[in-house]
Amino acid sequence: MSPGGSVGKWLAASGPEADVVLSTRVRLARNLADVPFTHRAEPRDHERTVDVVRWALTDTGYLENGKFLQNEQLADPQCQYLIERHLASPDFIASKAKRGFYVGNDEATSLMINEEDHLRFQVMASGLDFPEAFTAAAALDEKLESQLQYAFSPEFGFLTACPTNLGTGMRASVLVHLPALVITREIEKVLRGAIHIGLAVRGLYGEGTETKGNFFQISNQKTVGQTEWEIIETIADISRQVILYERKAREYLMKKLRVEVEDKVFRSLGLLRGARVLSSDEAINLIAGLRLGVTLGIVNEISLEQVTRLMILVRPANLQALLGENLTAAERDERRATFVRETLVHP
Amino acid sequence: MKACDLCGKGEATMKVSQLDKEGKVTEITICPECARQRGFTEVEKLKANVAEIITELKNRIDEGDSKLICPNCGLSYAEFKRQARLGCAECYTSFHDQLVPLIRRIHDAVQHVGRTASGGRKQAQMKMNVQKLREALSGAIQDEDYEKAAALRDQLRKTEGE
């Protein structure tokens, strides 16, 4: 993991349908059979779980290709950047229990030990790419299982601390950018459709977060009674439909409201290139506007990958990690503006 | 004062309709004492009673939920309802009948059909055992219980050698 300027390969914006889909994520929740679930376990159970999973990661060869962090390192306030990069959850970083965290060198794979479940690991892929994400997650799952005894029942599947994650223990999601559907006010219909078939739709940073920059996360709610591939197929299907709607809406905008769209895009770019003070939220919204321009070919000198990279690096903790300094909010807003300006003037 | 139709002594304050064996309705007036003994209640009081009965039932269910405890981790079902988190894998067996309707509500299904675990590996169990034995051994040494420590050391060697 490099807290500096690089970001995970899942943000390369090179995956399928990258104009609409930023990333695909597959997360699996697993627990050890003979240890109480994290919130009810004793500190020595927490320690043992960290040790055992670390052993397993070493044996499977994963540890060689990544980094392992433990409590002291996770208590570092800078670890907020793991959340901003979607690699760890806020609860996990804030927890006082003994925890372990693994992240692969490419930042596609990450694993939390002693989050709500003993193990929660995920694989991210660029664009709409469930085969890539699921295959990698399943491979890690199999390797870990050769070393660990999972809590499993033939009736309920993989047993989790909360029954909402039972069964496959799998949460599959796609992060989509839907500015045209928002502008044309078609978004409500699409989201209602997704919810109707049992999927959840959330903002950029998961549960309870607002939809900054018109980014939405679509994921499965149900984890029992369907195979992993059935779950994935459902989300992939609805994603393909959403992609289609969004592209049609973009086409419509370009035909009917070209000047307005160009105005929005170039205002975003103008502000990003000219601002001397830039808050994190304003930056995300402007970058989202720029992203629309890049995908529509209105802006050509900046690549989608640069836009995606910028989106992560302007987040407060990532910015500080990049600059290697702890900054106040006001200092951050100023330095953010400078960083964005320099990046976009010399892309 | 009208005397009670049943005992003939008390003051009749309550009208009661009753159905005889032939299905004929007769109305009688009775005194509070006879009403109490035979369990007759006025409609208003009955309403109050229904509420009481429901509260009582709810209390009994709650009481039942706190008595329902997972023998493995000690979590009560009432506690699970409060926190929405189970205590251990065994809870799924301990609260099986209570959880099935809940799981059905959440997932529209109760039978897992996805990937299955191969049921765990010996190696994993061994690692846990080694860790536990090591902890016990250092505890015994700290307590200067050398006899116990020697036994634990032998056991540890045996487990590690497997």
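Me: What percentage of the 347 residues in chain A do the buried residues make up?

Reply: Buried residues make up 59% of chain A. A residue is called buried when its relative accessible area is under 20%. The model is predicted, and the values below are computed from it.

Me: What is the corresponding percentage for the 162 residues of chain B?

Reply: For chain B, 29% of the residues are buried. The exposed area can be read next to that figure: chain B exposes about 11100 Å², with 51% supplied by carbon and sulfur atoms. The accessible surface of chain A comes to about 13500 Å², and carbon and sulfur atoms account for 50% of that.

Me: How many helices and strands does chain A have?

Reply: There are 13 helices and ten strands in chain A. With a radius of gyration of 21 Å, close to the 20 Å given by the globule rule for 347 residues, chain A is as compact as a globular protein of that length. The C-alpha trace spans about 65 × 45 × 30 Å along the principal axes of chain A.

Me: Which pattern does chain B follow along its sequence?

Reply: Chain B runs β-β-α-α-α-α-α-α-α, that is, two strands and seven helices.

Me: What do the contacts say about sequence separation in chain A?

Reply: Take contacts between residues at least 6 apart in sequence, and ask what share joins residues at least 24 apart; in chain A that share is 72%. For chain B, 23% of the contacts with a separation of 6 or more come from residues 24 or more positions apart.

Me: How far apart are the mean positions of the positive and negative charges of chain A?

Reply: They are 5 Å apart, taken over 40 positive and 46 negative charges.

Me: How many disulfides does the structure hold over all chains?

Reply: Zero. The test is a distance: two cysteine sulfur atoms have to be within 2.5 Å. For A:C162, the closest cysteine sulfur belongs to B:C91 and is 13 Å away, too far for a bond. B:C91 has its own nearest cysteine sulfur in B:C73, at 3.6 Å, and is in no disulfide.

Me: Are these two cysteines, A:C162 and B:C91, buried or exposed?

Reply: A:C162 is buried at a relative accessible area of 9%. B:C91 is buried too, with a value of 0%.

Me: How is a buried helix read, and which residues of α11(A) are buried?

Reply: An α-helix has 3.6 residues a turn, so residues three or four places apart point the same way. Helix α11 of chain A, residues 304-313, is mostly covered, with seven of its ten residues buried. Those are A:L304, A:V307, A:T308, A:L310, A:M311, A:I312 and A:L313.

Me: What covers the buried residues of α11(A)?

Reply: The cover includes two strands, β1 (21-30) and β10, and the helices α3 (80-84), α10 (280-295), α12 (316-323) and α13 (329-345), again in chain A.

Me: Where does A:S173 lie, and which residues is it in contact with beyond its neighbours within four places in sequence?

Reply: A:S173 sits in strand β8, residues 170-177 of chain A. Its relative accessible area is 7%, so A:S173 counts as buried. Outside the four-place window, A:S173 contacts A:S23, A:T24, A:R25, A:F130, A:Q217, A:I218 and A:S219.

Me: And in which strand is A:Q70?

Reply: A:Q70 belongs to β2 of chain A, residues 66-70. A:Q70 is buried, with a relative accessible area of 15%. With neighbours within four places set aside, the contacts of A:Q70 are A:V50, A:R54, A:K98 and A:R99.

Me: Which sign does phi have at A:N214 and at B:E144?

Reply: Phi is positive at A:N214, near 65°, and A:N214 is not a glycine. A:N214 is in the loop between β9 (199-202) and β10 (215-220) of chain A. B:E144, also a residue other than glycine, has a positive phi of about 60°. B:E144 lies in the loop between α6 (122-142) and α7 (146-161) of chain B, and it is exposed, at 57% relative accessibility.

Me: How far apart in space are A:E47 and A:N326?

Reply: Their C-alpha atoms are 31 Å apart, with the two positions 279 residues apart in sequence numbering. A:E47 lies in helix α1 of chain A, residues 43-59, and is partly exposed, with a relative accessible area of 42%.

Methods
Residues are numbered from 1 along each chain as its sequence is written. Chains are lettered from A and ligands numbered from 1 in the order in which they are written. This is a predicted model: local features need pLDDT of at least 70, side-chain atom pairs count only at pLDDT 80 or more; totals for chains, interfaces and linings use all residues. Side-chain values use heavy atoms; hydrogens and water are left out. Helices (H or I, at least four residues) and strands (E, at least two) are DSSP runs, numbered from the N terminus. The radius of gyration is taken over C-alpha atoms; the globule rule is 2.2 Å times the number of residues to the power 0.38. Buried means under 20% relative accessible area, exposed over 50%, partly exposed in between (1.4 Å probe, protein chains only). Contact means heavy atoms within 4.5 Å. Accessible areas come from the Shrake-Rupley method with a 1.4 Å probe; for residues, only the protein chains shown count as cover. Lys and Arg count as positive and Asp and Glu as negative; His and the chain ends are not counted. The place of a charge is taken as NZ of Lys, CZ of Arg, CG of Asp or CD of Glu.
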